[in-house]
Amino acid sequence: MDFSVGFNGIVSDLYKIIELNAPIESVYSGGIAGYIAGGRPQYLGNFEEISKCTKVAHANGLKYEVALNAPCGLENKNNRNYWIKIHNYLIELERCGVDRIIASHPFFIEEVKKYTNMQCVASTICEINSARMAQYYEEIGADIIIPSMNINFDMKVLKKIKKILKKAKLRIMVNEHCLGDCPWRRFHHNHYSHHNEEIDYHFHCKKKFLTTPFLLLTNNCIRPEDLKHYTEITNNFKIVGRLVDIEILCKRIQGYAECKWNDNYVELFDNGLAKKIMLPNDRLESLFQMKVNCDKVCGDCGYCKRLYDEIKSEP
């Protein structure tokens with residue numbers, strides 16, 4: 001089992017991650033603002049900063065990935081000057097030592113494979129939720145596929161995706177903080193393609209969690225203890241962390257590496273909400289099996305609401 005860890009692109013924090021001696025296969029950060037946006041408003045200032053990060057990563061046996069996974073914002077293919085700029089950007093990232101590009105737009109994946117020798121990771125923003133869709137992305141050029149987080153507990157579909165892929169590997173995102181089947185998510189990522197401000201989207205999401213807090217149990221976070229259920233599907237997992245305080249991120253990495261989390265379940269994915277709501281992770285042993293069999297009709301079930309009411313406490 002190994003992990004791909006997002007971080008803020010600060011070299012000193014990268015060293016803190018490395019010092020954990022966790023089974024990390026790769027780390028990733030944002031690119032440089034002004035070219036292709038990413039799934040988080042986190043960017044490095046210049047190519048020199050990226051080079052410093054890749055050198056530290058490589059010296060410690062890690063691959064380095066850059067997230068350029070905006071779902072929109074690309075110019076038309078007939079805009080020659082724009083695409084020359086993008087091609088040169090990709091070539092320069094490769095010169096800096098970047099091993100992989102995390103992308104979502106199919107056109108952009110094709111460009112990465114055409115103009116560089118870097119591998120390409122199909123982002124969870126692609127919302128790949130079927131074997132057929134995964135096959136499309138592999139044919140387009142993806143070397144690694146991160147399925148939609150909304151199928152994290154659909155073991156049948158995940159196994160079908162694994163079976164149909166010829167060479168591409170699967171990577172599962174374990175701790176995204178979004179609502180399950182979030183109605184704002186696709187628009188949030190479209191917004192990131194053009195703006196760095198995100199308060200409007202987070203306000204709606206956080207408000208929903210705070211007014212209907214049992215939904216914290218219906219999201220797509222995978223508990224560290226439940227990684228063992230995915231061994232027939234993949235051994236590579238993605239830990240979100242580009243906008244997370246380094247001390248909190250290191251704690252999460254350690255928890256997933258040890259497959260054990262003795263603290264607040266909410267802290268795995270949202271430290272802000274964890275300061276308001278305490279859900280003891282050791283009381284959630286039954287959650288995985290319920291999610292695997294869930295029909296996602298909360299009004300007909302009520303399990304997560306009853307469980308929330310039973311275990312909630314003050315932080």
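This is a guided tour of one predicted model, stop by stop, with a selection to make at each stop.

Residues are numbered from 1 along each chain as its sequence is written, and side-chain values use heavy atoms, with hydrogens and water left out. Because the model is predicted, local features need pLDDT of at least 70 and side-chain atom pairs count only at pLDDT 80 or more, while totals for chains, interfaces and linings use all residues.

**The sheet**

Begin with the strands, where strands (E, at least two residues) and helices (H or I, at least four residues) are DSSP runs numbered from the N terminus. Two strands count as paired if DSSP finds at least two bridges between them. Coloured by strand, the model shows an open sheet of 9 strands with parallel pairing, in the order 7-6-5-4-3-2-1-9-8. At the edges are strand 7 and strand 8, each of which pairs on one side only. Select residues 144-145 next, which make up strand 6, and follow the 2 bridges by which strand 6 pairs with strand 7 in the parallel sense. Here Ile 145 stands opposite Leu 170 of strand 7.

**Salt bridges across the chain**

Side chains of opposite charge can pair when their charged atoms come close. A salt bridge is taken here as a side-chain nitrogen of Lys or Arg within 4 Å of a carboxyl oxygen of Asp or Glu, and the structure holds 18 salt bridges.

Select Glu 25 and Arg 171, which form one of these salt bridges, with the closest N and O atoms 4.0 Å apart. Glu 25 lies in strand 2 (residues 24-30) and Arg 171 in the loop between strand 7 (169-170) and strand 8 (172-173), so this pair ties together parts that are 146 residues apart in sequence. For accessibility, buried means under 20% relative accessible area, exposed means over 50%, and partly exposed is in between, with a 1.4 Å probe and protein chains only. Glu 25 is partly exposed at 21% relative accessibility, whereas Arg 171 is buried at 1%. Add Glu 65 and Arg 100 to the selection, and you have a network of salt bridges that links Glu 25, Glu 65, Arg 100 and Arg 171.

Move on to Glu 247 and Lys 16, whose salt bridge has its closest N and O atoms 3.5 Å apart. Since Glu 247 lies in helix 9 (residues 246-258) and Lys 16 in helix 1 (residues 11-18), the pair ties together parts that are 231 residues apart in sequence. Glu 247 counts as partly exposed at 49% relative accessibility, and Lys 16 counts as partly exposed at 34%. While you are here, select Ile 246, which is also placed in helix 9 and is buried, with a relative accessible area of 9%. From C-alpha to C-alpha, Ile 246 and Lys 16 are 8.0 Å apart in space, although 230 residues separate them in sequence.

For a further pair, select Lys 206 and Asp 270, whose side chains meet in a salt bridge at 3.2 Å, N to O. The pair links distant parts of the chain, with Lys 206 in helix 8 (residues 199-211) and Asp 270 in the loop between helix 9 and helix 10 (271-274), 64 residues apart. Both Lys 206 and Asp 270 are buried.

**The largest pocket**

A pocket is found on a 1 Å grid over the protein atoms alone, as an open set of points with protein on both sides within 12 Å along at least five of seven lines, and its lining residues have an atom within 4 Å of a point. The largest pocket encloses about 670 Å³ of space. Select Thr 218, Cys 294, Asp 295, Lys 296 and Cys 298, which are the closest to its centre of the 31 residues that line it. The elements giving two or more residues to this lining are helix 11 (287-292), helix 12 (298-301) and helix 13 (303-311).

Now pick out Lys 296 alone, in the loop between helix 11 and helix 12; although Lys 296 is not a glycine, it has a positive phi of about 60 degrees.

**Two last selections**

Asn 21 is another non-glycine residue with a positive phi, here about 55 degrees. Asn 21 sits in the loop between helix 1 and strand 2 and counts as exposed, at 69% relative accessibility.

Finally, consider the cysteines: with a disulfide defined as a pair of cysteine sulfur atoms within 2.5 Å, the count comes to 0 disulfides. Cys 259 is in no disulfide, and the nearest cysteine sulfur, that of Cys 221, is 13 Å away. Cys 259 is partly exposed, with a relative accessible area of 27%.

Terms used. 1 Å grid on protein atoms, 1.4 Å probe; cavity = no way out; pocket = protein on both sides within 12 Å on 5 of 7 lines; lining within 4 Å. Points joined across faces, edges and corners; volume = space filled by probe spheres on them.
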